[in-house]
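The following exercises ask the reader to work from the coordinates to short, justified statements. Each task is followed by a solution that goes step by step.

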Amino acid sequence: MSNEKDPAYFAYYAQFVHQQNMLQDTVRTSFYQSAIAQNGPDHFKDKIVMDVGAGSGILSYFALQAGAKMVYAVEASGMATRIQKMVDAAITKNPWMHGRIKVIQGKIEDVTDIPLVDTIISEPIGVLLVHERMLESYLVARDRFLKPGGTLIPSAGTIAIAPFTDHNLWLTTMTKVRFWEQDNFYGVDFSPLVDDAREEIFGQPVVGAFDPRSVLGEAVRHIVDFRTISMEELQNMTIPIKWKIPYTGIIHGIAGWFDIDLGGINLSTAPGADRTHWQQVRFLFKEPLAVNAFETIVGHMKLVVNQHRSYDITAEVTIVDENAGHSDIVALDDMESDGSLSRHDPQSFRRRGGKWGLHEQTYWYAYDPHLQPAVPENRPELVNLYQPDMASRGGDVGRLV
């Protein structure tokens, strides 16, 4: 993969501050260390290893500690010169790595002078698993340099998406739109721009941790198997959606996170898990969707690569009557080019959709689990979700409002 965004991308990762941010993500770093050590006897000891997108070189160093015979550290950014400096100083500073690591500065797509390897390690992950499109380079390494039967760490990732409610986040976002409704801002009427502002502002995915109690239903999970997925499949993915909603409440959008399989050790970025620098991401609807307890929502989310080292995302969900029959994947034929639903759709009051650029991220850091009051987890009303009173309704699971 190569595009005009590459110089800025690699310049970013050549900076110590960004490498330090990842190294100090103790969940990320410690899980990788544990995974490599646990897999050491079978997949690292006396093996030839490749580290794709080596960055600071930390995974290469872990591989050597696990017994690798030789590690090829491939890094396209200027950080490769810093790894080389570590290698040059190894005989006195880190003698255990002396003579066992070779630094290759360049993109894996351009590298030619590496033999087939027994194991490939990498941290090619971004927001929602796929942002930054480093996974494509990981697949290139797999196809060109991994021996038959060789090992990939990580071996797979799982994207999870679920409906969420967050009135404060939606209200704050809408307040940004309202600014552009002003008809007398220092004598200027900005209202002709309000529709464009709404489209842009609601098209920005919101990255940040959030209260796990705000998830309205069990997440659907889409497995991305790095050992078998093709480049074409990675670049254009559709995730079917089917959620059974246990509460009455308001859906403000779709939340997303991911897990990765590090050779039998699972690293989760789910809400409620130990926080990582990836956090979670949320995709807001321009108009919230009211839902009743026990209703079913179906639809899909589609992820297609773009020229910003990221993905364009479209989604549509619909409340359905399971007794009437339906397709688990709702077509996006009724969506306008901006991701909104057609005004001519008679069922639009039961549908919501949107379009987002995963690269157009904004951030929301209002939630800190350590600052939340100690309350029982089974009180959904604290996040504006409401359970049906089954006793007073005689077990009826029909509509509540």
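**Exercise 1. Locate A219 and describe its surroundings.**

Step 1. A219 belongs to the loop that runs between β7 (206-207) and β8 (220-225), where helices (H or I, at least four residues) and strands (E, at least two) are DSSP runs numbered from the N terminus. The model is a predicted one, in which local features need pLDDT of at least 70 and side-chain atom pairs count only at pLDDT 80 or more, whereas totals for chains, interfaces and linings use all residues. Residues are numbered from 1 along each chain as its sequence is written, and side-chain values use heavy atoms, with hydrogens and water left out.

Step 2. With a relative accessible area of 19%, A219 is buried; the classes are buried under 20% relative accessible area, exposed over 50% and partly exposed in between (1.4 Å probe, protein chains only).

Step 3. Once neighbours within four places in sequence are set aside, A219 is in contact with A160, I161, A162, W243 and W257, contact meaning heavy atoms within 4.5 Å. For A162, which is 57 residues apart from A219 along the chain, the C-alpha separation is 4.4 Å.

**Exercise 2. Summarise the chain as a whole: how many helices and strands does it have, and what share of its residues is buried?**

Step 1. The secondary structure consists of eleven helices and 16 strands.

Step 2. The chain has 401 residues, of which 53% count as buried. Its exposed area is about 18800 Å², with 51% supplied by carbon and sulfur atoms, as computed by the Shrake-Rupley method with a 1.4 Å probe, where for residues only the protein chains shown count as cover.

Step 3. When contacts between residues at least 6 apart in sequence are considered, 76% of them join residues at least 24 apart.

**Exercise 3. Examine the backbone at P154, F294 and N384.**

Step 1. The peptide bond leading from I153 to P154 is cis, with omega near 5°, and P154 sits in the loop between β5 (146-153) and β6 (156-164).

Step 2. F294 is not a glycine, yet its phi is positive at about 80°. This residue, F294, occupies the loop between β12 (281-291) and β13 (296-305), and its relative accessible area of 27% makes F294 partly exposed.

Step 3. N384, likewise a residue other than glycine, has a positive phi near 65°. N384 is found in the segment after β16 and is partly exposed, with a relative accessible area of 39%.

**Exercise 4. Which partners do D118, E136 and E316 have in salt bridges, and how accessible are the residues involved?**

Step 1. The criterion is a side-chain nitrogen of Lys or Arg within 4 Å of a carboxyl oxygen of Asp or Glu, and by this rule the count comes to 13 salt bridges.

Step 2. D118 pairs with K147, the closest N and O atoms being 3.0 Å apart. Because D118 lies in strand β4 (residues 117-122) and K147 in strand β5, the pair ties together parts that are 29 residues apart in sequence. D118 is buried at a relative accessible area of 17%, whereas K147 is partly exposed at 32%.

Step 3. E136 and R133 meet through their side chains in a salt bridge of 2.6 Å, N to O. Here E136 is buried with a relative accessible area of 2%, and R133 is buried with 7%.

Step 4. E316 forms a salt bridge with R351, with 3.4 Å between the closest N and O atoms. Since E316 is part of strand β14 (residues 311-320) and R351 of strand β15, this pair ties together parts that are 35 residues apart in sequence. E316 counts as buried at 0% relative accessibility, and R351 counts as buried at 16%.

Step 5. Salt bridges with shared partners also join D6, K107 and R309 into one network.

**Exercise 5. Which residues gather in a patch of negative charge on the surface?**

Step 1. Patches are made of residues with over 30% relative accessible area and no salt bridge, with like charges joined within 9 Å and nonpolar side chains (Val, Leu, Ile, Met, Phe, Trp, Tyr) within 5 Å. Lys and Arg count as positive and Asp and Glu as negative, while His and the chain ends are not counted; the place of a charge is NZ of Lys, CZ of Arg, CG of Asp or CD of Glu.

Step 2. The residues that form the negative patch are D195, D196, E199, E200 and E360. E360 lies in the loop between β15 (351-357) and β16 (362-363), and at 41% relative accessibility E360 counts as partly exposed.
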